[in-house]
Amino acid sequence: MRPIGAAFGNGVQKAWLDKQVATHRDFIEQHLQRHPWFAGQHFSIADVQMSFPLQGLAARSSLDNAPAIRSWLEKITQRAAWQRAIKQGGELNLSGG
């Protein structure tokens, strides 16, 4: 049964989930091309909230075609508060291993 379940899961991943992730990634990329932060011109709680999902996206897929997201991730991880949080809590491990 496990091989059948795995094949079904992989089919759902390719047929639906990958397309949904790409749609959302492209939407976010377009927004960040026009705005430096999620809520406009200034850093806000929206950026804090989006940091985890975008770290997860970066860990699980290529951001080669998403330079604005890559730039935003670099900018947010260089913030002093982010650096203090990592120092206190440790590096994020979103690879699943």
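Colleague: Let's start with Ile28: buried or exposed?

Modeller: Bear in mind that this is a predicted model: local features need pLDDT of at least 70, side-chain atom pairs count only at pLDDT 80 or more, and totals for chains, interfaces and linings use all residues. Residues are numbered from 1 along each chain as its sequence is written, and side-chain values use heavy atoms, with hydrogens and water left out. The cut-offs are under 20% relative accessible area for buried, over 50% for exposed and in between for partly exposed (1.4 Å probe, protein chains only). Ile28 has 13% relative accessibility, so the verdict is buried.

Colleague: And which helix is Ile28 in?

Modeller: Helices here are DSSP runs of H or I with at least four residues, strands are E runs of at least two, and both are numbered from the N terminus. The chain has 4 helices and 0 strands, in the order α-α-α-α. Ile28 belongs to helix α1.

Colleague: What does Ile28 contact, leaving aside neighbours within four places in sequence?

Modeller: Contact means heavy atoms within 4.5 Å. One partner is 41 residues along the chain: the C-alpha atoms of Ile28 and Ile69 are 7.4 Å apart. The full set of partners for Ile28 is Phe38, Met50, Leu54 and Ile69.

Colleague: Which residues have the most contacts inside the largest nonpolar core?

Modeller: A nonpolar core is a set of buried Ala, Val, Leu, Ile, Met, Phe, Trp, Tyr and Cys residues joined through side-chain atoms within 4.5 Å. The largest one has 13 residues; α1, α2 and α3 each give two or more, and α3 has the largest share with 5. The residues with the most contacts inside this core are Leu32, Leu54, Ile69 and Trp72.

Colleague: How many aromatic pairs does a search of the whole structure find?

Modeller: Rings of Phe, Tyr and Trp (its six-membered ring) pair if their centres lie within 6.5 Å; planes under 30 degrees apart are stacked, over 60 edge-to-face and the rest tilted. On that basis, the search turns up 2.

Colleague: How are the rings of Trp37 and Phe43 arranged, stacked or edge-to-face?

Modeller: Their centres are 5.2 Å apart, with the planes at 85 degrees. Trp37 is buried at 9%, while Phe43 is partly exposed at 31%. Given that plane angle, the Trp37 and Phe43 pair is edge-to-face.

Colleague: Then Phe38 and Trp72: how many residues apart in sequence are the parts they tie together?

Modeller: Those rings also have centres 5.2 Å apart and planes at 85 degrees, so the pair is edge-to-face. Phe38 is buried at 16% and Trp72 at 2%. Phe38 lies in the loop between α1 (2–34) and α2 (45–60) and Trp72 in α3 (residues 67–77), so the separation in sequence is 34 residues.

Colleague: Which residue lies over the face of Phe43?

Modeller: A charge sits over a ring if NZ of Lys or CZ of Arg is within 6 Å of the ring centre and within 35 degrees of the ring normal. Lys75 does this for Trp37, at 4.1 Å from the ring centre. Over the face of Phe43, at 3.6 Å from the ring centre, is Arg79.
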